[in-house]
Amino acid sequence: MSVESVLSVSDLDVSYGKVQALRSVDLTVDEGAIVSVIGPNGAGKSTLANTVSGYLDYDGTVEYRGDSVREHSPESIVESGLIHCTESRDLFGFMSVDDNLDLGAYRRGDREERKDLVYDLFPRLAERRNQHAHTMSGGEQQMLAIGRALMSDPDLLVLDEPTLGLAPIILEDISEGIDAIQDEGVTVLLCEQNVTFAMNHADEIHLLENGEFVRSGPPEELRTDDHIRESYLGG
Ligand code: ATP
């Protein structure tokens, strides 16, 4: 039985006015896989995440479950299970952890069950369930953003820079959370600047530089690539 592609992108070009941010990007994310797009600041990772979520105009093909995202509003894309956890996290700062999670559950009815799952994945959130989101550390807020995305039982989770600005100790918690998400069978597109983190989680990696994929392959292959070692893994 062939594995169904959840996300299929081909020959994708995206521009902001005269600035071309993505050029001829091809990408497939299969059921249950974690595919990571790595690259430096300004490479175009967020542009890719925003495009597959239906927020940007594009040339080329972007299909989620065989359906062109161009034909759908961002709201209906969320409805169908593509959940985007943005770089800015977009939490409701003056609401509690618990209330932020409840707001993530509108796509699915089994709210308490999902919340138990999120609190199991991130016990730190359970300890802080009544705390206002804006008073939490950056790492805790990131856990909450991922937890809120999980509340709607995503079919495809798009994570944009989940490790941004986080201390190594918190990275371990986020790492464990992502492992558990994978065990749950959630398909993930991980846009990430932390190459080591991406390599530890992804089944396949694409290196984006100046809007183009310059390397693609499984982490074990790319770990030995001279350009990736010298520029991204410290030699
Ligand atoms: P970072 O990790 O710093 O967020 P990134 O890899 O996510 O970087 P993008 O944010 O996608 O990169 O940016 C890609 C390019 O597109 C950059 O040159 C950026 O300046 C440009 N860009 C992004 N958003 C806009 C916008 N709204 N208007 C104009 N140019 C934009």
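This short presentation describes a sheet, a helix, two loop residues and a charged surface patch in one structure.

Good morning, colleagues. Please keep in mind that the model before you is a predicted one.

I begin with the sheet. Four strands form an open sheet in the order β2-β1-β4-β5, and their pairing is antiparallel. β2 and β5, the latter covering residues 67–68, stand at the edges with a single partner strand each, so one side of each has no neighbour in the sheet.

Let us go through the sheet pair by pair. Strand β1, residues 5–16, runs antiparallel to strand β2, residues 19–30, and eight bridges join the two. Within this pairing, Ser-8 has Thr-28 of β2 as its bridge partner. β1 and β2 form a hairpin with two residues between the strands, and there Gly-17 adopts a positive phi near 60°.

β1 also pairs with strand β4, residues 59–64, in the antiparallel sense, this time over five bridges. Here the bridge partner of Leu-7 is Tyr-64 in β4. β4 in turn is joined to β5 by two bridges, again with the strands antiparallel. In that pairing, Glu-63 is matched with Ser-68 of β5.

I turn now to helix α1. Why can helix α1, residues 45–52, be described as largely enclosed by the rest of the structure? Six of its eight residues are buried, so the rest of the structure encloses most of the helix. The buried residues are Lys-45, Thr-47, Leu-48, Ala-49, Thr-51 and Val-52. After α1 comes Gly-54, which has a positive phi near 90°.

Next, I would draw your attention to two loop residues. Ser-152 is found in the loop that links α6, residues 138–151, with β7, residues 156–160. Is Ser-152 buried or exposed? Its relative accessibility is 5%, so Ser-152 counts as buried, the cut-off for buried being under 20%. The C-alpha atom of Ser-152 is separated by 9.1 Å from that of Glu-79, although the two residues are 73 residues apart along the chain.

The second loop residue is Glu-184, located between α7, residues 168–183, and β8, residues 187–192. Glu-184 is partly exposed, with a relative accessible area of 45%.

Glu-184 also brings us to the surface. Which residues form the negative surface patch? The patch consists of Glu-172, Glu-176, Asp-179, Asp-183 and Glu-184.

To close, I return to the sheet, whose order I would ask you to retain: β2-β1-β4-β5. Thank you for your attention.

Methods: Residues numbered from 1 in each chain as written. Predicted model: local features only at pLDDT ≥ 70, side-chain atom pairs only at ≥ 80, totals over all residues. Heavy atoms only, no water. Patch = residues over 30% accessible without salt bridge, like charges linked within 9 Å, V, L, I, M, F, W, Y side chains within 5 Å. Areas by Shrake-Rupley, 256 points an atom, 1.4 Å probe, with all protein chains shown as cover. Salt bridge = Lys/Arg side-chain N within 4 Å of Asp/Glu carboxyl O. Lys, Arg positive; Asp, Glu negative; His and termini not counted. Charge placed at Lys NZ, Arg CZ, Asp CG, Glu CD. Buried < 20%, exposed > 50% of the residue type's maximum accessible area, 1.4 Å probe, protein only. Pairing = 2+ DSSP bridges.
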